[in-house]
Structures are given as C-alpha cells and as structure tokens.
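User: Could you take a close look at how two of the helices in this model pack against each other, and then follow the packing into the rest of the chain? I am in my first year, so please go step by step.

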Amino acid sequence: MSESKEMLESIYKNAEMGRDSIEYLTQHTDNPRFRDALSRQQVEYQTIMDDARSILGDHGHAPEGVSGMAKGSAKMMVGAKTLIDPSVGNMAQMMIDGSTKGIVKLTSELNGYNHLDSNVHSLADRLLKTEQNNIDQMKTFL
C-alpha cells in the first residue's frame, strides 16, 4: 500500500489545489458562463478528493492535504494576477497552467510507481482525464 498511499496523497493534493484555485478565481469574475464551467470542474475535483479519501480510509489512513502555506501562496498569486489582468481569458490561462502542471506531476509520479493498486491507478487516470478536459474547456475562454 506504500506506493498506492503516496499516489493517493498526490491525487488528493492535486485535486485539492484545483478545487481551491477555482474557489479563489470565482471571487474575481462575474461572467456566468465562466463561473458555471468552474463550478462543474470544482465538483469533479471534490469527487476525486472524496474518492481518494475513501480509499485511504479503507486502509486506515487519512489524507494530509495541501499545506496552509501552499494554499496561501496560491491565493495570493491568483489575487495578484487578477489585479493585473481581471479578464476571463487571463483566469482561464491560470487554470490551464495549473491543470498542465498537475498533469505533468501526476504523469511523472505514475511512471515512477510499479505496484499501484488497480483502483488507485484508475483514480489517477480519471484525474488525468479530468485535467485534460478542464484544459480543453478553458481554451474556449481564451
């Protein structure tokens, strides 16, 4: 379970950063179409977090989650970038950048593990697909 636990932690943190980033961004836009897209993405991130938490719990673990410092840094970055450019296109670009980083990190971690439980690998694949779908959706706002 060691590799699977590490992967689940990574999945959880990736989804948590996505969910929290959306929370920060929605405070900076009144565009209803963009807010709706972000809301749907936020629900998917939360579902993935819940699934990761559940699998960890089945093995007697709880997710550690993203540190308060990392969350604070992300919130300040969103605030600064939207202060400079409050456009929906800029916010969509921030989401694309975050999802791309998530894909790279998750793919690298997946390639480093040889003994993942099938349900953990499946959840990682689902998150990868979610991130790619989110990128594709955000491109419509550029």
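Analyst: Helix 1 and helix 3 are oblique to each other in this predicted model, because their axes cross at roughly 40°, and that angle falls outside the range under 35 degrees that counts as roughly parallel and also outside the 65 to 115 degrees that counts as roughly perpendicular. Helix 1 covers residues 2-26 and helix 3 covers residues 68-84, and the two axes come within 10 Å. The crossing in which helix 1 passes helix 3 is right-handed.

The residues that make this contact can be named on both sides. From helix 1 come E16, M17, D20, Y24 and L25, and they meet A70, K71, A74, K75, V78 and T82 of helix 3. Sorted by class, the contact between helix 1 and helix 3 consists of six nonpolar residues, four charged residues and one polar residue.

A second kind of packing involves aromatic rings. A pair of aromatic rings is described by the distance of the centres and the angle of the planes. The count here comes to one aromatic pair. It is formed by F34 and F141, whose ring centres are 5.1 Å apart and whose planes stand at 75°, so the pair is edge-to-face, the term for planes over 60 degrees apart. F34 belongs to helix 2 (residues 32-58), whereas F141 sits in the segment after helix 5 (118-139), and the pair thus links distant parts of the chain, 107 residues apart. Both F34 and F141 are buried.

Helix 2 also holds Q41, and this residue counts as buried because its relative accessibility is 2%, where the cut-off is under 20%. When residues up to four places away in sequence are not counted, Q41 touches I22, M95, N134, Q137 and M138.

Helix 5, in turn, is the place of L128. With a relative accessible area of 18%, L128 is buried as well, because this value is still under the 20% cut-off. Leaving aside neighbours within four places in sequence, L128 is in contact with I103, L106, T107 and L110. As for M94, it is 34 residues from L128 in sequence, and the C-alpha atoms of the two residues are 17 Å apart in space.

Key
Residues are numbered from 1 along each chain as its sequence is written. This is a predicted model: local features need pLDDT of at least 70, side-chain atom pairs count only at pLDDT 80 or more; totals for chains, interfaces and linings use all residues. Side-chain values use heavy atoms; hydrogens and water are left out. Axes are lines fitted to C-alpha atoms, for helices over the stretch in contact, and angles run from 0 to 180 degrees between N-to-C directions. Helices (H or I, at least four residues) and strands (E, at least two) are DSSP runs, numbered from the N terminus. Angles under 35 degrees count as roughly parallel, over 145 as roughly antiparallel, 65 to 115 as roughly perpendicular and the rest as oblique. A crossing is left-handed if the near helix is turned anticlockwise from the far one by less than a right angle, and right-handed if clockwise. Contact means heavy atoms within 4.5 Å. Ala, Val, Leu, Ile, Met, Phe, Trp, Tyr, Cys and Pro count as nonpolar, Asp, Glu, Lys and Arg as charged, and the others, Gly among them, as polar. Rings of Phe, Tyr and Trp (its six-membered ring) pair if their centres lie within 6.5 Å; planes under 30 degrees apart count as stacked, over 60 as edge-to-face and the rest as tilted. Buried means under 20% relative accessible area, exposed over 50%, partly exposed in between (1.4 Å probe, protein chains only).
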